[in-house]
2 protein chains.
Amino acid sequence: MYQLLKTEGRAKRGRLTTVHGVIETPVFMNVATAAAIKGGLGADDLMEIRTQVALCNTYHLHVRPGDEVVRKLGGLHSFMKWDRPILTDSGGFQVFSLADLRKIKEEGVTFKSHVDGARIFMGPEESMQIQSNLASTIAMAFDECPSSVAEYDYVKASVERTTRWLIRCRNKMAELNAREDTINKAQLLFGINQGGIYDDIRTDHAKQIAELELDGYAVGGLAVGETHEQMYHILDVTVPYLPVSKPVYLMGVGTPQNIIEAVDRGVDFFDCVYPSRNGRHGNLYTGRGTLHIRRAAYETDERPIEEGCGCPVCRKGYSRAYIRHLLKADEALGLRFCVMHNLWFYNDLMQQIRDALDRGEFSAFKRRKLDKLASENA
Amino acid sequence: MYQLLKTEGRAKRGRLTTVHGVIETPVFMNVATAAAIKGGLGADDLMEIRTQVALCNTYHLHVRPGDEVVRKLGGLHSFMKWDRPILTDSGGFQVFSLADLRKIKEEGVTFKSHVDGARIFMGPEESMQIQSNLASTIAMAFDECPSSVAEYDYVKASVERTTRWLIRCRNKMAELNAREDTINKAQLLFGINQGGIYDDIRTDHAKQIAELELDGYAVGGLAVGETHEQMYHILDVTVPYLPVSKPVYLMGVGTPQNIIEAVDRGVDFFDCVYPSRNGRHGNLYTGRGTLHIRRAAYETDERPIEEGCGCPVCRKGYSRAYIRHLLKADEALGLRFCVMHNLWFYNDLMQQIRDALDRGEFSAFKRRKLDKLASENA
C-alpha cells in the first residue's frame, strides 16, 4: 500500500493508499488534538487548506469525550465529519509529558488524568483498543519516550521494553482488526523507534522493529530538547535501518527548516504544533521568514500576510492591519486567520517539496528554500 | 430610499436601498463589535449565514484600532472585507455603560477608555466624525441613554439635551458628507428616541425628531432593565409618532419573542448580542425552544442541533455530541459552530417574518411561532 515513487539521494517521494484515501508524501499532518484544530478550524476548513491527514491524540480523546463515546458515534471520521486519513498517536507521549504521578511497569503505565485526576491504566493493549475505538486510519504503537537527558542504561532498558510493547501492540491490533464489530478493520500500525541520542541503541532498535513488517515506522523521542544537529545525526544513523519500502514518520517535528532537512534524510510523515501554536501567538510563516503580526509596523499595512500566498486568508485579501487588530482585540477570528495561514504554509511547503522531488530537483530546492527562510522579516 | 412594501396592522415589510446594497426589513443586524463577530466568524461566514447588515461599535473601534486607522484603510468595509451594509452605533451607549468616570456636559461626555484608561471626549460632532471615518452605511446619532430607573425629571432634561445633540449630529453629518475626502458621502443618519418608561416624554420626543426628516428612527433606552410588557407598551405609544415612511430600529432587542412582538408594533431593524453570547455559552436556538448543548443528555446524540436547519453547522451534519465535546474541551471550533447556528437562526427567523408579511399572514405566523418557541427543550 506504500509506493516509493521516486528517490533523490535518501529523500523519498511516496504514496500511501489507505481506506480513507491516498496520502502523498512527504506530508505534514495537521494536529487536531481533541478532534479539532485549535483556533476554530473545522473539517471543511481543512479541505480548503489542503490538509491530507489530521492527527488526533489518543490520550486527550480517551480522557474526553472518551473513546467509547467516539466509537458509539461511528469513530473519529464520523465524529469530526472528516473523511480523509486520520493518524492517532498512542497516548504514550502525553502519558509521559502531561499526566501526573505516572508509574511504569512491564504491563503499562498508571497515571492520573489531567482533566479530572481520575486514575487511568494504559498499556499496549489499552492503547490499541482505544485507537481501534477511535477508528483512525493509522494507529501508533504504545511506547515510552524517555527524557532527552536520560542516561544510557535507562534508555537501553526502556527501548527493550518498548520493543516488547510493540509486539504486544501488533498482536492486539491483529486481534482487533479481525473482530466483526471493529469500525476500521484495515487500521494500519506504525512502530516507533526510540533510543534517545545514543546511536547504537537507535540503530539496534531500528533493525529489530524493521523485522516486524509493520505498515510504517516512526522516529520518536526527538525534538524533546536535543539540538538540531543531534536530531539530524540521529536521522542520519537511524533511517537507513528502517525499510525504504515503508513510510517513515518523524514525530513532533518541526520548523520548515527541520522538515526540509529531514526529508533529505528519508522522512515521509511529519506533525508539529508549531504552525497552529505560533499562529495563535501572531507569528506567521512566510517564504521570507517569520512575520510578527502584532508589531506596530503593521498597524495600517493593507497588504495580505504574504503577497501571492494562496491561503484562504491572503487570497480573500484580509490585511495585516485587520489581522493585527483582531489579535489585539482578542477576537477569535484573528486566531482562526493566523492558524489557517500557517497550516496552509506548511501544507503548501510539503506540496513544493513533493513537486521538487517529482522534478528531481529537491537538492536545488532545498538550498534555495533554506536561504530564503533564513532572511528574517517578510 | 426606504420603500414600505406592505403592512399588516402596524407591522411593516420594507426595503432600504443604500450605497452598500439593499436591506430587506424586518432585519436583524449581526453584532460585530470590534469589526468581527465574536466566535471567529469572518465576512465570508456572514455571507453564508445570510447576514444583511453588520453592526459595529463606534466606541470600541475609536478606542482600538482607532477610527483614523480604519479611515486610512479605506473604512470598515474595506477593513473587514464586508461589502454589504454596516450600521455603526454612536458610541453613546458604551460611554454610558462601559467607560469609567464619565462626566456629561452640554458639549458632550468626558470618559476614560476601558482599554488603557486614556481620557476621551465625545460629543455629537466627535461621534459623527468617528462614524464618518469608519464610513459605515448608517450612522447613529449621539444620545444619552438614561438608566432604566432614572427619575422623570432627569429623563426629561436628558432627552431635551439628546434632541439638541441630534440637531448637532445632523448638521455635522451634512458637513462631513459634503467633504471631498469623505469615504462614504452617502452615509445615512438615524435619530434615536429616548424617554425611559415615561409615555409623555417618549411621544413628545418622537414627534420632535420626526420633524427632522432623518433617514431612519431608532427607539433606544429599552431592554435596559424594564419588563417586556413595559417595552411593548412604550413601542405601542411611541412608534405611531415615528414616520411610517422611514425605517424604525429597536436598539439592542432581543429574544425571538421580543422581535416578533416588536415587528407587530412597526419595527424594521433589530440588533442584539443574545444569539452570539448565548451561542458562546452553548445555549442554542431552535424552533422548539432553547437547546442547552452542554447537557449530558447530548453526549452521544448524533443528530444535528436542529433537524432540517439550513445553517452551515446543521447542514454539514456536525452532531450535538461533537459540538458538546468541543465546548467541554474548550475548542474554539465549538464557539464558532454555536454562534454560527444561532445567528443563522435569527437571520432565518427574519426571513420567515418577511415571508409571512409578504403573504399577508403575519398575524397567524406570530401566533404559531410564539406557541412553538414556548415549548422548552428541542
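**Exercise 1. Describe the hairpin of E8(A) and E9(A), including its turn.**

Solution. E8(A) and E9(A) form a hairpin, with 6 residues between the two strands. In the turn, Gly117(A) has a positive phi of about 75°. The strands run antiparallel and are joined by 4 bridges. Strands pair here if DSSP finds at least two bridges between them. Helices (H or I, at least four residues) and strands (E, at least two) are DSSP runs, numbered from the N terminus. One pairing to locate: Lys112(A) has Arg119(A) in E9(A) as its bridge partner.

This is a predicted model: local features need pLDDT of at least 70, side-chain atom pairs count only at pLDDT 80 or more, and totals for chains, interfaces and linings use all residues. Residues are numbered from 1 along each chain as its sequence is written, chains are lettered from A and ligands numbered from 1 in the order in which they are written, and side-chain values use heavy atoms, with hydrogens and water left out.

**Exercise 2. Sort the residues of strand E9 (119–122) of chain A by face.**

Solution. Start with the general pattern: in a regular strand, side chains alternate between the two faces of the sheet. Now assign. Ile120(A) and Met122(A) make up the covered face. Arg119(A) and Phe121(A) make up the uncovered one.

**Exercise 3. Which residues gather with Arg119(A) in a patch of positive charge?**

Solution. Arg119(A) is joined on the surface by Lys103(A), Lys105(A) and Lys112(A). Patch members have over 30% relative accessible area and no salt bridge; like charges are joined within 9 Å, nonpolar side chains (Val, Leu, Ile, Met, Phe, Trp, Tyr) within 5 Å. Next, place Lys105(A). This residue sits in the loop between strand E7 (100–104) and strand E8 (109–112) of chain A. Lys105(A) counts as partly exposed because its relative accessibility is 44%. The classes are: buried under 20% relative accessible area, exposed over 50%, partly exposed in between (1.4 Å probe, protein chains only).

**Exercise 4. Analyse the salt bridge between Lys38(A) and Glu331(B).**

Solution. The side chains meet at 2.5 Å, N to O. The pair crosses between chains. Lys38(A) lies in the loop between strand E4 (27–31) and helix H1 (43–48) of chain A. Glu331(B) lies in the loop between helix H13 (320–328) and helix H14 (332–358) of chain B. A salt bridge needs a side-chain nitrogen of Lys or Arg within 4 Å of a carboxyl oxygen of Asp or Glu. Check the cover: Lys38(A) is partly exposed at 30%, whereas Glu331(B) is buried at 2%. Over all chains, the structure holds 46 salt bridges.

**Exercise 5. Where do Asp45(A) and Arg336(A) lie, and are they buried or exposed?**

Solution. Their side chains meet in a salt bridge of 2.8 Å, N to O. Asp45(A) is in helix H1 of chain A, and Arg336(A) is in helix H14 (residues 332–358) of that chain. They are 291 residues apart, so the pair links distant parts of the chain. Asp45(A) is buried at 5% relative accessible area. Arg336(A) is buried at 5% too.

**Exercise 6. How many residues apart are Lys156(A) and Glu160(A) in helix H7?**

Solution. They are 4 residues apart, about one turn of helix H7 (residues 152–177) of chain A. Their salt bridge has its closest N and O atoms 4.0 Å apart. Lys156(A) is partly exposed at 33% relative accessibility. Glu160(A) is partly exposed as well, at 40%.

Conventions
Accessible areas come from the Shrake-Rupley method with a 1.4 Å probe; for residues, only the protein chains shown count as cover. Lys and Arg count as positive and Asp and Glu as negative; His and the chain ends are not counted. The place of a charge is taken as NZ of Lys, CZ of Arg, CG of Asp or CD of Glu.
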